[in-house]
Amino acid sequence: MNNTPTCPLPDRLDGAVELAHGGGGRMTQRLIDEVFHPFFTNPYLDRGGDGAIMPAPVEDLSGTRVAMSTDTFVVRPLFFPGGNIGDLAVNGTVNDLLCCGAVPRWLSASFVIEEGMPISQLRDIVRTMAEAAREAEVEIVTGDTKVVERGRCDGVYINTSGIGFVRPDLYLDPANLRPGDAVILTGPIARHGMAVMSVREGLQFSSSITSDTASLGDIVSNLLDVAPGLRVLRDPTRGGLSSTLNELAASSGVSIEIDQEAIPIDPDVLSACELLGLDPLYVANEGLMIAVVPADEAEAALAAVRRSAHGERGAIIGRVLPADAEGSRVWLRMPLGNRRGVEMLSGEQLPRIC
C-alpha cells in the first residue's frame, strides 16, 4: 500500500496561482489549457510544440528582410486606466517592429507568475492580450510559463518577442536624419506615465487620465503611402520624448529643435505633471511615434497621420538642424522665442512604467 501523501488536483481552476502550476506537470497543463489556450488558440500554437513553424509571408522572398524585437514588461500596478500589462506587452513589441518598418506577424509570450496571483486577474490579462493581438493583426504562436515563490515578483512579468517582415525598398535608420527634415509627433505626450502614476500613488485627479497604449500599424501604413523619404520612426517610451530625440540627434550627428507650443499634451496631464513636479518631456508614452520626414513631405505625412485612428492630434513639432559647436543637441523653443537645451533623462523619473 502506498502511504505517500498526495494533494488532489482542484476540480476548478480558480482561486490563486500555486507553485505547482509552474512545475511542468498536470497543473501546468491545466493552467495552459484553461487560461492561455482559449484566448491564444491558432493553428501554430495548437500544435503544442516547443516552437512554431509558420509559412513564408510572401510568394517572392527576394530582398525581403526579417525584423525581430523583444521586450519584458514589469509595470506596477498591473492594471491602470486605459489598459493593463497584457495589452501593454502586445502593443509595445508590435510598435517596436513597426518602428523597424516591418509588418508584424507573430509574437511569443512568456510569463513569470507569482504564487498567489488571483487566477481571475491572470485570465483578464490574457484576454486583453488576445484582444490587442487581434487589433494589431498578429498571432501569439509560442510561449512559456514559470511560477515563482510569493514575493519574488509583482504578480506577473511578461516577455513578448515579435517577428515581422520589411519590404526590400524600405530603410529606416536613426542615422538617416538630415538638416531641414521635419519632426512629427503622432499624438499627445505623457498620458501613459501619468495614468500609471495616478493609480500607483492613489491620486485623485479632477479628470480621468488614461494610458495611450495602442498598436500603431494604421499610422505607419498611412505614412508609407505618402512619404517615400521617411527617415525614421521611433516610439518614445521610457525616458519620454526628450530622451528619444537625444538618441536620434546623436545617431545622425545633428541637432533637433522642437517648439514647446506645438507639442500636443492634454491639459489634465499637464496639470498632473505640474502638481507632481514632473517634466512631461521625460514621462513615458506607449501609443505614439516620432516620425522624421523630408521637409517637402511634411504636410502630406501629417495629413496621413491625422487620418489614422490614433493620430488625429498629430503635429509637426520641430525640425532637424546642423550640429552646432556643442555637438548634437536637442533644443526647446519657448513661447517668447528663447530656447533651452533638453538633455537625455538621467536616472529614473517614473520607475516601473512598462
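Here are three short exercises, with worked solutions, on helix packing and one loop residue in this predicted model.

**Exercise 1. The faces of α7**

Work out which residues of helix α7 are buried, which are exposed on the other side, and what the buried ones pack against.

Solution. Start with burial: in α7, which spans residues 267–276, the buried residues are V269, A272 and C273. Now look down the axis of α7: these buried residues fall within an arc of 100°, so they line one face of the helix. That fits the general pattern: an α-helix has 3.6 residues a turn, so residues three or four places apart point the same way. Next, turn to the other side of α7, where P267, E274 and L275 are exposed. Finally, ask what covers the buried residues of α7: they pack against α4, residues 191–200. While you're there, check what comes just after the helix: G277 takes a positive phi of about 70°.

**Exercise 2. Two helix pairs**

Describe how α4 packs on α7, then do the same for α1 and α3.

Solution. Take α4 and α7 to begin with. Their axes come within 10 Å and cross at roughly 60°. An angle like that makes α4 oblique to α7, and α4 passes α7 in a left-handed crossing. As for who touches whom, R191, M194 and M197 of α4 meet V269, A272, C273 and L276 of α7. Sort that contact by class and you get six nonpolar residues, one charged and no polar.

Now for the other pair. Helix α1 covers residues 26–40 and helix α3 covers 119–136; they pack at about 25°, with their axes 8 Å apart. Angles under 35 degrees count as roughly parallel, so α1 is roughly parallel to α3. The crossing of α1 past α3 is right-handed. On the α1 side, L31, E34, V35, F36, F39 and F40 do the touching; on the α3 side, their partners are I119, L122, R123, V126, R127, M129 and A130. By class, the α1–α3 contact has ten nonpolar and three charged residues, with no polar ones.

**Exercise 3. A loop residue**

Place I53 in the chain, decide whether I53 is buried or exposed, and find its contacts beyond the sequence neighbours.

Solution. First, location: I53 sits in the loop between α1 and β1, the latter being residues 65–73. Second, accessibility: the relative value for I53 is 71%, and exposed means over 50%, so I53 counts as exposed. Third, contacts: setting aside neighbours within four places in sequence, I53 touches Y44 and R47. Last, a distance to try: I53 and I256 lie 203 residues apart in sequence and 44 Å apart in space, C-alpha to C-alpha.

Terms used: Residues are numbered from 1 along each chain as its sequence is written. This is a predicted model: local features need pLDDT of at least 70, side-chain atom pairs count only at pLDDT 80 or more; totals for chains, interfaces and linings use all residues. Side-chain values use heavy atoms; hydrogens and water are left out. Buried means under 20% relative accessible area, exposed over 50%, partly exposed in between (1.4 Å probe, protein chains only). Helices (H or I, at least four residues) and strands (E, at least two) are DSSP runs, numbered from the N terminus. The arc is that of the directions from the helix axis to the C-beta atoms. Contact means heavy atoms within 4.5 Å. Axes are lines fitted to C-alpha atoms, for helices over the stretch in contact, and angles run from 0 to 180 degrees between N-to-C directions. Angles under 35 degrees count as roughly parallel, over 145 as roughly antiparallel, 65 to 115 as roughly perpendicular and the rest as oblique. A crossing is left-handed if the near helix is turned anticlockwise from the far one by less than a right angle, and right-handed if clockwise. Ala, Val, Leu, Ile, Met, Phe, Trp, Tyr, Cys and Pro count as nonpolar, Asp, Glu, Lys and Arg as charged, and the others, Gly among them, as polar.
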